[in-house]
Amino acid sequence: MRLLPLLLAALLLGGCAGLDTLKDAYDGLGEYFGGKDNAEPPKELDENFEPTLKLNELWSATVGDGYEDQYLSLVAAVDEERVYAADREGVLQAHKRLTGEKLWSVETEMMFSAGPVVDKETLVLGTSNAEVAAYNTADGALLWKSTVSSEILALPRIGDGVVVVRSSDGRITALDQKDGRTLWSYERSAPALLVRSHGAPIIAEGLVLDGYASGKLIALRLEDGKLEWEATVALPHGRSEIERLVDVDSVPVVKGGTIYVSGYQGGLAAVNMKDGEVLWRQDKVSSYSGLAASGRTLFLTDGNSDVWQMDMRDGGDLWKQDALHQRRLTAPALIKTSLVVGDFEGYLHALSQDDGSLVGRLELDDTSIEESPTVYDDVLYVYTSGGKLAAVTVE
């Protein structure tokens, strides 16, 4: 048996039926974790690799202590003038985007778990204590703080003056961007097992789009949280609760009126944005890391850290790169003619979008890169789990 690549959260359910389900789930876990571990080791990097594309560190800075070995979604947020990052212990900083010069730093005493995200003058972060906090981008002053139903691991989203947050219990809460007032919330029942992932909802065309552990993708109206449609995009297979676990937990991608979504054992699907009709679905490749879209193709990192290019029209595979197998890659970030992924040893790898060949490599530090780099004006911004914030150019 192989070890699960993800942390699984078992939720206590009320009633006998719920307890039976939970017992089945633990039996499944026992089978997985009680057997011999034959998980594949990560591929070693080719010491003779000769890059044809240069990744250059433009500047770097230290922002607190990073993730502190926790499973978090702390990222670099970027606007025209500044780059923002925060660590687990509540240190929040802003740096000049072009030079890295530190502009301000505040110690918030919050246990940050997701963010920051930026919109105009507002920075928003979530915490492990079910708090959502907004700060002024100019000086880091606290604007407001609100409380939701549980821990926040998904990146918050901001659109049309609304902050949307999904907490770990699956509830989606919409807050007023001005004062943090709760506008609406949406709740659906959670299964016995969940994948503890970096996945997050998105806001597109007045809708909040989010995937669930039931294999469902839902669309809520941003204005009032009403369910617009619900689609089944992944079907469970297998004998045990673990084998049947599917979780549409990757961040959806929208392009040309179509939503592309994947997840843990969830395959890949294309869904009509207008009415939720599933246009196509394929079970060959699944990704809980996330997708990226360019032209008529999709790029994704699968559960084994192999990188794929897929055809948007039908989900057919165009190429696959397995030279970074099991290196715990992030979702791809697209920049110029390349895509870039981070790995568990602090490396950035650049691949050609045309054929998937490895074209560049840069070691940032010796700690893992957990989230896809942020791309702004053809520069990559990365926050490592060790607390290093870096700007990287591609030549």
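Let me start at the side chain of Gln 321, where a polar atom lies 2.9 Å from the backbone nitrogen of Ala 323. Please keep in mind throughout that what we are looking at is a predicted model. That same side chain also reaches the backbone oxygen of Gly 356, and there the distance is 2.8 Å. So is Gln 321 buried or exposed? Its relative accessibility comes out at 15%, and because the cut-off for calling a residue buried is under 20%, Gln 321 counts as buried.

As for where it sits, Gln 321 belongs to strand β28, which covers residues 317-321. If we set aside the neighbours within four places in sequence, the residues in contact with Gln 321 are Asp 306, Val 307, Leu 351, Gly 356, Ser 357 and Leu 358, and you will recognise Gly 356 from the polar contact I mentioned a moment ago.

Let me now move to a second residue, Tyr 260, which is found in strand β22, residues 258-262. Tyr 260 has a relative accessible area of 5%, and it is therefore buried by the under 20% criterion. Which residues does Tyr 260 touch, leaving aside its neighbours within four places in sequence? They are Pro 252, Val 253, Lys 255, Ala 269, Ala 270, Trp 280, Leu 291, Leu 298 and Met 312. I would also point out Ala 293, which is 33 residues away from Tyr 260 along the chain, with 8.9 Å separating the two C-alpha atoms.

The strand that carries Tyr 260 is part of an open sheet of 4 strands, in the order β21-β22-β23-β24, and the pairing is antiparallel. At the edges are β21, residues 253-255, and β24, residues 278-282, each of which pairs on one side only. From one strand to the next, the twist averages 15°. Speaking generally, the strands of a sheet pair through backbone hydrogen bonds, in either a parallel or an antiparallel arrangement. Here, β22 is joined by 5 bridges to β23, residues 268-272, with the two running antiparallel, and within this pairing Thr 258 stands opposite Asn 272 of β23.

Finally, let me step back to the whole chain, which contains 2 helices and 35 strands. Of its 395 residues, 56% are buried. If we take the contacts between residues at least 6 apart in sequence, 49% of them join residues at least 24 apart. The chain exposes about 16900 Å² in total, and carbon and sulfur atoms supply 45% of that area.

Note on methods:
Residues are numbered from 1 along each chain as its sequence is written. This is a predicted model: local features need pLDDT of at least 70, side-chain atom pairs count only at pLDDT 80 or more; totals for chains, interfaces and linings use all residues. Side-chain values use heavy atoms; hydrogens and water are left out. Buried means under 20% relative accessible area, exposed over 50%, partly exposed in between (1.4 Å probe, protein chains only). A polar contact is a pair of N or O atoms within 3.5 Å; within protein, one must be able to donate a hydrogen and the other to accept it, and residues adjacent in sequence count only if both atoms are side-chain atoms. Contact means heavy atoms within 4.5 Å. Two strands pair if DSSP finds at least two bridges between them. Axes are lines fitted to C-alpha atoms, for helices over the stretch in contact, and angles run from 0 to 180 degrees between N-to-C directions. Accessible areas come from the Shrake-Rupley method with a 1.4 Å probe; for residues, only the protein chains shown count as cover.
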